[in-house]
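Biologist: I would like a close look at one part of this protein, the empty space enclosed inside the chain. Could you take me through what lines that space, and set it in the context of the whole chain?

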Amino acid sequence: MSKKEYRSCSTLDMWNYASGEVANSLISNTIFGFAMLFYTDALGLSPMLAGIAMSVAIFWDAITDPLMGHISDNTKSRFGRRHQYMLFGGIGMVLAFFFIWAVPPVFRSSNTSLFWYLVVINIIMRTAYTVFVVPMTALGFEMCQDYTGRTKIQGIKVIFNMIANFCGPGLAWMIFFPKQGVDVKNPANFMRMGTVFAVVSLISIFYLVFITRKYAKDSREMKITGSSAGAFFKDMREIVTDIRAVYVFLFAIVVILGVGLVSGLQMYVYEHFMLLSGSLKTITHGGTMIGCGLGSAFCARFARRFDKKGAVYVGGSITLISGVILTALFVSGIVVPGQTVSIAGFDFPVAMAVFALFGATYWFGNGVMFPVATSMMADISEINQLKTGVNKDGSYSAMYSLSMKISQSLSALIVGAVLTWTGFMTVGELMESGNYAVGFVEGSEMAQGTNAVVGIVAREADHTAVWGFVNGSTNTIESSDTVKGFVQDAGVIQDDDALAGYLTLSDMAPANDALATGLGGNDNLPADAVVSSYIKGANITQTHSTVMKLFVATYIIGPAISIMALILIWLYPVNKKVLEKLRAEAA
């Protein structure tokens, strides 16, 4: 076989194929970025229960991948082996995704019912996701078969993923959650986001199936290994004992574990550590997507220059260094959240800029590693085909997907455990503890200067007063106590002022979250009033210790795991010369 490389599909075909990644990106990245936030902050589910529910669903997704790969590889149909699954699996995936955010009221009545709803609907969604994404990945392996072209097509996929991620979950902060600390408490905002992303995803799936239909080859005469249970286990045993594949599987597990930890926690860092507004969240989160997309654009060049292993080293090193710099700057106090520098009368947000810059370079490194690792799996699948004469792209892509989802499942579980370890508190947990809304809006955009609401209603036997409710107050609200900053545009509380009305009209609580229950319908707040169920769905300010632990876990523990991944890829035995030699021997 000639050593001259050929392009097995055009760049236009690569871009058309990669358009299907829009649906994959909107669904998977939105769930990764917002599902935990939705169930903990908006619906009050404990972080541990939310983490367990997400982990169970991802684990189910993982174990169904090999079965789907085997089914797809052994399908005999005039429509081919991939497209029919991509179509029907994609439709089911979109419908289930919608109901992740459209939680019926009956399931919101308790943590138990909410937990089981989350488990079941995510299992349904993940099953359909497997039916869609495994054949789609295998189709990419089949479309592009040359060594560097495989890296290029996977890089273009990640570019599409990041474009969709930026236009979807990235801009979601500005479009659906513009008010820091407020809009993430309103389930309706998540519902609107889910509806829009579901519609766009469905359009992407229809376009992908239509535009790539020329690659749907009649498979009725293709050589297969068989569809029996014995054939399935034989294929799986062959793949898991392929030492070349094992190195890539282990690499994927380790690197996704670190990345999953960061992607799962960084939304909490935006919200509770950096205290970013909706627009600044969009800029910061969008920067990570641009960084990842740029890394994917450069990955093929790095692979040509340094081969694939060298490209992984470049990406992994950039990721690790970025995490170390972020932690060093913020943990040491050199840079603190909210820090600005006055330039020509303009307060430049230096803390946000530094955070966004190194967050983007962190994801640049990941953008290099992901496409290269996927193209490695395509190389290994080809080596197996050269030896056996049977195309098992679906099974190899499924096992690769299995390794990633095992890691995603573990990372979801770890995210919940880390939030619990940091002392992160949800409103639901706070209500159950009897200490209602401790540190309610301290440091948020709704409290200015010393008007922080520190320790609202630390419930005790003798006093249920609203301590520190307004600047200068004691255990009761006096007529001279100012609420400026806490309740927008208010002056002082008069005897006939309804506190429920103030809260209803303010930015921090929706109209149905008034204090009427706590006040018993009265206009005044007596000294002995019990403020029960204080502001359903409202924000809680986490302690300094909690948010600092959260930051360290995100940008030190996550990147440090990548070191193990670099060690594993060092052992990977395939390069361009090895593949060309095997091709020549098989010719």
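Modeller: Helices here are DSSP runs of H or I with at least four residues, while strands are runs of E with at least two, and both are numbered from the N terminus. In this predicted model, the secondary structure of the protein chain comes to 17 helices and 2 strands. The chain has 587 residues, and 58% of them count as buried. Among contacts with a separation of 6 or more, 79% are between residues 24 or more positions apart.

Now to the enclosed space itself. Rolling a probe the size of a water molecule over the atoms shows where empty space is left. The count comes to 4 cavities of 30 Å³ or more, and the largest cavity has a volume of about 900 Å³. This largest cavity is lined by 38 residues, of which Ser-28, Asn-29, Asn-161, Phe-370 and Gln-408 are the closest to its centre. Several helices share in the lining, since at least two residues each are supplied by helix 2 (21-42), helix 5 (111-143), helix 6 (147-175), helix 9 (243-273), helix 10 (278-331), helix 11 (350-388) and helix 12 (393-422). Helix 6 gives the most to this lining, with 7 residues.

For the outside of the chain, the accessible surface comes to about 23000 Å², and carbon and sulfur atoms hold 65% of that area. On this surface Val-341, Ile-343, Phe-346 and Phe-348 form a nonpolar patch with about 360 Å² of accessible area together, and strand 1 (341-343) and strand 2 (346-348) each supply at least two of the patch residues. Val-341, whose place is in strand 1, counts as partly exposed because its relative accessibility is 37%, which lies between the cut-offs of 20% and 50%.

Technical notes: Residues are numbered from 1 along each chain as its sequence is written. This is a predicted model: local features need pLDDT of at least 70, side-chain atom pairs count only at pLDDT 80 or more; totals for chains, interfaces and linings use all residues. Side-chain values use heavy atoms; hydrogens and water are left out. Buried means under 20% relative accessible area, exposed over 50%, partly exposed in between (1.4 Å probe, protein chains only). Contact means heavy atoms within 4.5 Å. Accessible areas come from the Shrake-Rupley method with a 1.4 Å probe; for residues, only the protein chains shown count as cover. Patches are made of residues with over 30% relative accessible area and no salt bridge: like charges are joined within 9 Å, nonpolar side chains (Val, Leu, Ile, Met, Phe, Trp, Tyr) within 5 Å. A salt bridge is a side-chain nitrogen of Lys or Arg within 4 Å of a carboxyl oxygen of Asp or Glu. On a 1 Å grid over the protein atoms alone, a cavity is a set of points where a 1.4 Å probe fits but cannot get out, and a pocket is an open set with protein on both sides within 12 Å along at least five of seven lines; lining residues have an atom within 4 Å of a point. Grid points are joined across faces, edges and corners, and a volume is the space filled by probe spheres set on the points.
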